[in-house]
Amino acid sequence: MLSGLNHLTLSVTDLNRSVGFYHGQLHLHLDATWDNGAYLSLPGLWLCLSLDPLRPSVPAAEYTHYAFSVAAADFSAQVERLRAAGVEEWRDNRSEGASFYFLDPDGHKLEIHVGDLASRLQACRDKPYAGMKFYP
């Protein structure tokens, strides 16, 4: 039986640049570094950055992305800080809760989001997606 997400590993082409982004811009805790990688963390998240020179630095054409939680009171300041740092936005928010969609230096699709699964499900109960079913 699965008990949760263990860790997330992202391939990166420039380890120092990526550590600077995730630690310096997004403020993940820097736990360890080595020649070809780094471990960073947030409560409930273990992030591994793995040096991979074969990683393309362009975002995939599909919707897969990684979302980080942010408090509503901090959302606007976080967005402004990221915009001031020159991050590239890749999508407009189209769903419940405040969201800002942006790319990391290697083109991984990221999001900061206000809300959680409970708030999303409530919004969907109020206005369900086409064909949506809810389960107990």
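Buried area is the accessible area, taken with a 1.4 Å probe, that two parts lose on being put together, summed over both. Keep that in mind for the first exercise, and note that we're working on a predicted model.

**Exercise 1: the domain interface**

Find the two domains, then work out how much area is buried between them and which residues of domain 1 lose the most.

*Solution.*
- Start with the bounds: the domain assignment puts domain 1 at 1–52 and domain 2 at 60–130.
- Next, look at who touches whom: 17 residues of domain 1 and 14 residues of domain 2 take part in the contact.
- Now the area: about 1,100 Å² is buried between domain 1 and domain 2, with 65% of it coming from carbon and sulfur atoms.
- Finally, rank the domain 1 side: Phe21, Gln25 and Leu26 lose the most area to domain 2, and together they make up 41% of what that side buries.

**Exercise 2: polar links across the interface**

Count the salt bridges and the polar contacts between domain 1 and domain 2.

*Solution.*
- Salt bridges come to 1 between domain 1 and domain 2.
- Arginine 17 and aspartate 106 have side chains that meet in a salt bridge, at 3.3 Å from N to O.
- Polar contacts turn up for 7 residue pairs across the interface of domain 1 and domain 2.

**Exercise 3: classify a ring pair**

Is the pair of phenylalanine 100 and phenylalanine 102 stacked or edge-to-face?

*Solution.*
- The structure has 7 aromatic pairs to pick from.
- For phenylalanine 100 and phenylalanine 102, the ring centres are 5.5 Å apart and the planes sit at 20°, so this pair is stacked; the cut-off for stacking is under 30 degrees.
- Check the surroundings too: phenylalanine 100 is buried at 3% relative accessible area, and phenylalanine 102 is buried at 0%.
- Zoom out, and ring pairs join Phe21, Tyr22, Phe100 and Phe102 into a cluster.

**Exercise 4: charges over rings**

Which rings do arginine 91 and lysine 109 sit over?

*Solution.*
- Arginine 91 lies over the face of tyrosine 101, 5.9 Å from the ring centre.
- Lysine 109 places its charged end over the ring of tryptophan 90, 4.8 Å from the centre.

Conventions
Residues numbered from 1 in each chain as written. Predicted model: local features only at pLDDT ≥ 70, side-chain atom pairs only at ≥ 80, totals over all residues. Heavy atoms only, no water. Phe/Tyr/Trp six-rings, centres within 6.5 Å; stacked < 30°, edge-to-face > 60°. Buried < 20%, exposed > 50% of the residue type's maximum accessible area, 1.4 Å probe, protein only. Lys NZ or Arg CZ within 6 Å of the ring centre and 35° of its normal. Domains from an automatic or database assignment. Contact = heavy atoms within 4.5 Å. Salt bridge = Lys/Arg side-chain N within 4 Å of Asp/Glu carboxyl O. Polar contact = N/O pair within 3.5 Å; in protein donor to acceptor, adjacent residues only side chain to side chain.
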